[in-house]
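Colleague: I'm new to this one. Could you walk me through how to read its features?

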Amino acid sequence: MQLLASFEQFKQSTLSFGEGAGGRKVRLAILLSGRGSNMLALVEATKTGVLKDLAEVVVVFSNKPDAPGLAFAAEQGCPVASLPSQGRKREAFDAEAAALLQQYRPDVVVLAGYMRILSPAFIQPFAGRILNIHPADTHQHQGLHAYEWAFENQLSETKITVHLVDEGLDTGPILAQQTVDLRGADTLAEVERRGLAVEHELYARTLAWLITSKQYGLIDQK
């Protein structure tokens with residue numbers, strides 16, 4: 001893993017993980033629209049992995065009430081919430097979703113396959129505290145179908161990126177990246193398998209870094 005945000009850059013962001021928390025766990029709200037494989041990896045990390053004693057999942061939220069990830073989250077003992085977005089205007093839906101999530105008092109909002117472009121109505125209440133994981137270098141490919149892009153262009157490698165969310169499409173400051181070796185990946189399914197394996201590890205480690213760097217001042221390293 002390459003951490004790309006120095007501690008000074010980190011302090012200049014509006015992230016405030018754990019500040020004034022008196023040692024309590026950082027409260028995570030995880031947002032998804034589908035099966036939630038990244039969500040499950042993060043939940044496991046809070047139980048037995050790198051986020052144990054550092055973070056807890058206070059809600060798993062979806063804009064699709066029938067998203068499989070909600071059922072998987074409930075099986076793991078996580079509180080779940082949903083609000084259907086279909087047919088709703090983006091700003092109105094985002095304002096209602098933000099208000100709902102604020103009831104859970106999250107320190108960090110973690111997008112894990114949340115298939116919506118967020119409007120200012122959602123971003124502003126959580127400014128600087130929203131993270132996303134993107135299956136490409138965001139300087140090279142933004143938006144959907146990143147694994148398809150890598151496969152169709154026969155890339156020998158791609159990069160998984162964790163970044164802060166701003167009001168653009170995958171334009172927020174990059175926090176961490178990790179390379180995925182795609183040599184010999186001759187099907188899209190294999191590209192996705194290799195990428196997801198990196199996603200599931202990188203997201204949790206980046207969150208752990210963000211939380212502990214406030215205390216230890218960890219800076220760029222591989």
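Modeller: Sure, let's begin with the lining of the largest pocket. Helix H2 (37-48), S6, helix H6 (146-152) and helix H7 (188-216) each give at least two residues to that lining. Bear in mind that this is a predicted model.

Colleague: What volume does the largest pocket have, and which residues are closest to its centre?

Modeller: Its volume is about 980 Å³. There are 35 lining residues, and Gly113, Tyr114, Met115, Pro135 and Leu144 are the closest to the centre. Sorted by class, the lining holds 15 nonpolar, 12 polar and eight charged residues.

Colleague: You mentioned S6. Which strand do bridges join to S6?

Modeller: To read a pairing, look at the direction and the bridges. Strand S6 (residues 130-134) runs antiparallel to S7, with four bridges joining them. Asn132 sits opposite His163 in S7. S7 also pairs with strand S8 (residues 174-181), again in the antiparallel sense, over seven bridges. There, Val162 faces Ala176 in S8.

Colleague: Is strand S7 mostly covered or mostly open?

Modeller: Mostly covered: six of the eight residues in S7 (residues 157-164) are buried, meaning under 20% relative accessible area.

Colleague: Where does pLDDT stay under 50?

Modeller: Here's the general idea: where pLDDT is low, don't read the predicted coordinates in detail. In this protein the mean pLDDT is 87, and 86% of the residues reach 70 or more. Residues 5-15 stay under 50, and the model has 27 contacts for them beyond four places in sequence. Residues 215-222 stay under 50 too, with 16 such contacts in the model.

Terms used
Residues numbered from 1 in each chain as written. Predicted model: local features only at pLDDT ≥ 70, side-chain atom pairs only at ≥ 80, totals over all residues. Heavy atoms only, no water. Buried < 20%, exposed > 50% of the residue type's maximum accessible area, 1.4 Å probe, protein only. Pairing = 2+ DSSP bridges. 1 Å grid on protein atoms, 1.4 Å probe; cavity = no way out; pocket = protein on both sides within 12 Å on 5 of 7 lines; lining within 4 Å. Points joined across faces, edges and corners; volume = space filled by probe spheres on them. Nonpolar A, V, L, I, M, F, W, Y, C, P; charged D, E, K, R; others polar. pLDDT = per-residue confidence, 0-100. Contact = heavy atoms within 4.5 Å.
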